[in-house]
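Reader: I am new to reading protein models and would like to understand the words used for them. Could we go through some of these words one at a time, with the reasons behind each?

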Amino acid sequence: MNETFTILLGGALTVDDRVLALVAGSRVIAADGGMRHAEALGVKPEVWVGDFDSTDAALVARFPDITRKSFPPAKNLTDGALAVEEALERGARRIVMAGALQGERTDHGLMNLLLAVRLAGDGIDIVLTSGEEEAHPLLAGETVVEMPEGALFSVLGVSDLAGLSIGNAVYPLEDFALPFGAARGVSNKAKGGPVRFGLKNGSGIIILRPHDFSGV
């Protein structure tokens with residue numbers, strides 16, 4: 001059974017080869033207005049969930065054969081979280097949240113990041129993308145992210161980070177203590193290939209800009 005799912009969310013999404021590689025071969029679930037990304041990605045969601053307050057009649061008309069699961073606007077979960085729950089119920093072990101980062105709602109983007117960290121703690125392999133940016137949860141242990149040479153990335157702690165190491169980067173770290181809210185992890189550059197992150201304790205987020213070679 002295919003355990004990789006792509007969740008289509010309502011934020012901005014620039015479709016390029018890196019994004020297409022992330023979603024290739026995955027099962028797909030659309031969350032409300034995220035369905036608008038389906039055509040650009042060349043995918044057909046198996047279910048479409050949400051309260052549909054961000055979906056107009058024209059979008060519904062383009063996908064009349066997709067099963068929809070409707071929820072009331074007054075609910076305890078965001079449409080994205082509902083889509084994630086649907087993916088987990090269908091056996092997801094790896095999730096790509098496409099359109100999860102850049103959009104009109106900062107609260108939704110931040111919630112997606114925090115949700116990703118929680119899911120990673122539950123053993124789910126997860127990545128968030130807008131095409132322009134990617135986010136990877138950082139937990140205790142080793143995390144490896146393939147990055148183009150010169151690409152800009154940052155490490156942001158959602159707690160104090162203890163024993164942080166970064167290898168194959170222009171500014172490496174070894175067994176570093178990064179206090180919560182400290183800016184030391186912002187604006188590093190990849191040397192190209194796998195960038196390796198080690199962490200002894202805490203949790204954070206790696207933000208990668210795969211097409212940004214502007215330096216620091």
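Reader: What makes Ser 187 count as buried, exposed or partly exposed?

Author: Please keep in mind from the start that this is a predicted model. Ser 187 has a relative accessible area of 29%, and since buried means under 20% and exposed means over 50%, Ser 187 is called partly exposed because 29% falls in between.

Reader: Where does Ser 187 lie, and what is said about its phi?

Author: Ser 187 is found in the loop between strand 10, residues 173–178, and strand 11, residues 188–189. Its phi is near 65°, which is a positive value in a residue other than glycine.

Reader: Why is a positive phi in such a residue worth pointing out?

Author: It is worth pointing out because most residues other than glycine have a negative phi. Asp 32 also has a positive phi, of about 45°, although it is not a glycine. Asp 32 sits in the loop between strand 2 (27–31) and helix 2 (38–41).

Reader: How do you know whether Asp 32 is buried or exposed?

Author: The relative accessibility of Asp 32 is 2%, and because buried means under 20%, Asp 32 counts as buried.

Reader: Why is the contact between Glu 86 and Arg 90 called a salt bridge?

Author: The closest N and O atoms of Glu 86 and Arg 90 are 2.8 Å apart, and the limit for a side-chain nitrogen of Lys or Arg and a carboxyl oxygen of Asp or Glu is 4 Å, so the pair qualifies as a salt bridge. The general idea is that side chains of opposite charge can pair when their charged atoms come close. Glu 86 is buried, with a relative accessible area of 7%, whereas Arg 90 is partly exposed at 27%. Both residues also belong to a network of salt bridges that links Arg 27, Glu 46, Lys 69, Glu 86 and Arg 90.

Reader: How many salt bridges does the count come to, and what are the distances for Arg 118 with Asp 122 and for Arg 209 with Asp 212?

Author: The count comes to 13 salt bridges. Among them, the side chains of Arg 118 and Asp 122 meet at 3.6 Å, N to O, and those of Arg 209 and Asp 212 meet at 2.7 Å, N to O. Arg 118 counts as partly exposed at 45% relative accessibility, and Asp 122 counts as partly exposed at 49%.

Reader: What makes Asp 212 buried or exposed, and what makes Arg 209 buried or partly exposed?

Author: Asp 212 has a relative accessibility of 14%, and because this is under 20%, Asp 212 counts as buried. Arg 209 has 27%, and because this lies between 20% and 50%, Arg 209 counts as partly exposed.

Reader: Why are helix 4 and helix 5 described as roughly parallel or roughly antiparallel?

Author: Helix 4, residues 79–89, packs with helix 5 at an angle of about 20°, and their axes are 12 Å apart. Because angles under 35 degrees count as roughly parallel, helix 4 is called roughly parallel to helix 5. Helix 4 passes helix 5 in a right-handed crossing.

Reader: Which residues form the nonpolar patch on the surface, and how do you know that Leu 114 can be part of it?

Author: The nonpolar patch is formed by Leu 110, Met 111, Leu 114 and Val 158, which together have about 320 Å² of accessible area. Leu 114 lies in helix 5, residues 106–121. Its relative accessible area is 39%, and because a patch takes residues with over 30%, Leu 114 passes that cut-off.

Reader: What makes Gly 99 buried or exposed, and how far is Gly 99 from Gly 11?

Author: Gly 99 has a relative accessibility of 4%, and because this is under 20%, Gly 99 counts as buried. Gly 99 lies in the loop between strand 5 (94–98) and helix 5. Gly 99 and Gly 11 are 88 residues apart in sequence and 4.3 Å apart in space, C-alpha to C-alpha.

Key
Residues numbered from 1 in each chain as written. Predicted model: local features only at pLDDT ≥ 70, side-chain atom pairs only at ≥ 80, totals over all residues. Heavy atoms only, no water. Patch = residues over 30% accessible without salt bridge, like charges linked within 9 Å, V, L, I, M, F, W, Y side chains within 5 Å. Areas by Shrake-Rupley, 256 points an atom, 1.4 Å probe, with all protein chains shown as cover. Helix = DSSP H or I, 4+ residues; strand = E, 2+ residues; numbered from the N terminus. Buried < 20%, exposed > 50% of the residue type's maximum accessible area, 1.4 Å probe, protein only. Axes fitted to C-alpha atoms, helices over the stretch in contact; angles between N-to-C directions. Parallel < 35°, antiparallel > 145°, perpendicular 65-115°, else oblique. Left-handed = near helix turned anticlockwise from the far one by under 90°.
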